[in-house]
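User: I'm looking at this model on my screen and would like a close look at one spot. Could you walk me through it and then tie it to its surroundings?

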Amino acid sequence: MAPLLQSTQPWVEKYRPRQVKDVAHQDEVVRVLTNTLETTNCPHMLFYGPPGTGKTTTALAIAHQLYGPELYKARVLELNASDDRGINVVRTKIKNFAAIAVGSAGRQG
């Protein structure tokens, strides 16, 4: 009998909610964001709070719902402020990502 191959994906990534409705223990936030997504009137948002409260998970779930799997990678740049900070990140990663036109499917605009 062959041994089972284990996924190299971390548990927290494997089970991270992909939709806002699946975010746990944030009932009021889920209600407001679900309404926002249904009306497609998405304002600028700022998430704050202590580590582990679901800020990143919620933001990524919103992006997954807004763009779907086809456009997600082209329209979302995820940066970790612990690792990706400083002027060089702005000059390279952010500037290059922002230079790609939304409708160009990855071509420089």
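What follows is about Arg 16, in the loop between helix 1 (11-14) and helix 2 (27-39).

Analyst: Happy to. Keep in mind that this is a predicted model: local features need pLDDT of at least 70, side-chain atom pairs count only at pLDDT 80 or more, and totals for chains, interfaces and linings use all residues. Residues are numbered from 1 along each chain as its sequence is written, and side-chain values use heavy atoms, with hydrogens and water left out.

First, the setting. The protein chain has 4 helices and 0 strands, running α-α-α-α from the N terminus on. Helices here are DSSP runs of H or I with at least four residues, strands are runs of E with at least two, and the numbering starts at the N terminus. Of the 109 residues, 17% count as buried; buried means under 20% relative accessible area, exposed means over 50%, and partly exposed is in between (1.4 Å probe, protein chains only).

Now to your spot. Arg 16 sits in the loop that links helix 1 to helix 2, and it counts as buried because its relative accessibility is 14%. What does its side chain hold on to? One polar contact, at 2.7 Å, goes to the side chain of Glu 13, and another, at 2.8 Å, goes to the side chain of Thr 57. (A polar contact is a pair of N or O atoms within 3.5 Å; within protein, one must be able to donate a hydrogen and the other to accept it, and residues adjacent in sequence count only if both atoms are side-chain atoms.)

The Glu 13 pairing also qualifies as a salt bridge, with the closest N and O atoms 2.7 Å apart. That term covers a side-chain nitrogen of Lys or Arg within 4 Å of a carboxyl oxygen of Asp or Glu. As general background, side chains of opposite charge can pair when their charged atoms come close. The two partners sit in different accessibility classes: Arg 16 is buried at 14%, while Glu 13 is partly exposed, with a relative accessible area of 28%.

If you set aside neighbours within four places in sequence, Arg 16 is in contact with Thr 56, Thr 57 and Leu 60, where contact means heavy atoms within 4.5 Å. Helix 3 covers 55-75, so to speak the stretch to look at beside this loop residue.

How many salt bridges does the structure hold? There are 3, and Arg 16 with Glu 13 is one of them. Lys 21 and Asp 22 make another, with closest N and O atoms 3.4 Å apart; Lys 21 is exposed at 57% relative accessibility, and Asp 22 is partly exposed at 40%. Arg 31 and Glu 28 also meet in one, at 2.6 Å from N to O; both lie in helix 2, 3 residues apart, about one turn of the helix.

Staying with the loop that holds Arg 16, have a look at His 25, which lies between helix 1 and helix 2 too. Its phi is near 65 degrees, a positive value in a residue other than glycine. With a relative accessible area of 76%, His 25 is exposed.

The nonpolar side of the story comes next. Val 20, Val 23, Val 30, Leu 33, Leu 37, Ala 61 and Ile 62 make up the largest nonpolar core, 7 residues in all. Helix 2 and helix 3 are the elements that give two or more residues to this core, and helix 2 supplies the largest share, 3 residues. A nonpolar core is a set of buried Ala, Val, Leu, Ile, Met, Phe, Trp, Tyr and Cys residues joined through side-chain atoms within 4.5 Å. Within this set, Leu 37 is in contact with Val 20, Ile 62, Gln 65 and Leu 66, leaving aside neighbours within four places in sequence. In soluble globular proteins, nonpolar side chains tend to be buried together.

Finally, a bit of whole-chain context: the protein chain exposes about 9,000 Å², and carbon and sulfur atoms supply 56% of that. These areas come from the Shrake-Rupley method with a 1.4 Å probe; for residues, only the protein chains shown count as cover.
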